[in-house]
Amino acid sequence: MKSHFQFFFLHFAGGNCYSFDFLIKEFHSSTDKFDFFPLELPGRGNRFDEPLLEDKGEAIDDYLNQIKSKRNGQPYIIYGHSMGATLGLSLVKKMEEIKDAPILFVATGNPGPGVKSNKALEGHKRKRHLLNDEEFKEELRTLGGVPEVILTNNETFSFFSKILRSDFKLLEEEEDYQNDVVINTPIIALMGDEENASDQITNWRKFTTSHAKYQVLRGNHFFIYTNARLIVSMIFKKISILDI
């Protein structure tokens, strides 16, 4: 790697600016070429006092303003997991439109727009943010990533579920919001082999005019926790090919 890079993380539903600490640690063990910016939406983490967002456009614009305020002219990467990948696609498009495109978009835990990835809810007219508490807990267990102690403690679950329901509502309203978004930025797409719709990961190639690399790794929706070193290696390799 010849350049220094900025690296912007977009969290998953229920996540915050600390959600990628494990991956940042893995990067730090390999290089000092990155400045990391784990972003977060309102209503959680360091932005707990701000109202939660339930509109995709508002969330994308919020991320856009955060990145614009932190840009310094260095090449940069946008990485989004699950909800972060959904919002990240339109975010990359907006950055391209202002002539400040990232060199790479990394989308994990997400098969891309237009794919119905939740088999547990096939034929289910209600959406995740409308499930009752018990159904919602089972859905979260299926996805993984939420400690059981949160699901079994009523007070903790009540607090946490408000954020999750808000994030799911953001995702589940206007589900075809970006089916026609096509970016010019290269994409790396990764999913876990236990995830619903992981067999449709090639869907991502429809959303870039550049190269799309995709791979299915071992694990559930939060496979990123057990594949951090491999993910870092793949990003390094891609940057090397770009010769930046």
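The following legends describe close-up views of a helix and two loop residues in a predicted model. Local features need pLDDT of at least 70 and side-chain atom pairs count only at pLDDT 80 or more, while totals for chains, interfaces and linings use all residues. Residues are numbered from 1 along each chain as its sequence is written, and side-chain values use heavy atoms, with hydrogens and water left out.

**View 1. Span and bend of helix α6 (residues 154–172).** Helices are DSSP runs of H or I with at least four residues, and strands are runs of E with at least two, numbered from the N terminus. The 19 residues of α6 should span 27 Å at 1.5 Å a residue, which agrees with the 25 Å between its end C-alpha atoms; the expected span is 1.5 Å times one less than the number of residues. A bend of about 30° occurs at S161 (the angle between axes fitted to the seven residues ending there and the seven starting there).

**View 2. Packing of α6.** Buried residues (under 20% relative accessible area, with a 1.4 Å probe and protein chains only) include F157, F160, S161, I163 and D167. The buried residues of α6 pack against α2 (56–70), α3 (83–97), α4 (133–143) and α5 (148–152), where contact means heavy atoms within 4.5 Å.

**View 3. Loop residue S82.** S82 lies in the loop between β3 (76–81) and α3. Its phi is positive, about 60°, although S82 is not a glycine. S82 counts as buried because its relative accessibility is 14%.

**View 4. Loop residue A197.** The loop between β5 (187–192) and β6 (212–217) contains A197. This non-glycine residue has a positive phi near 75°. A197 is buried, with a relative accessible area of 6%.

Conventions: Buried means under 20% relative accessible area, exposed over 50%, partly exposed in between (1.4 Å probe, protein chains only).
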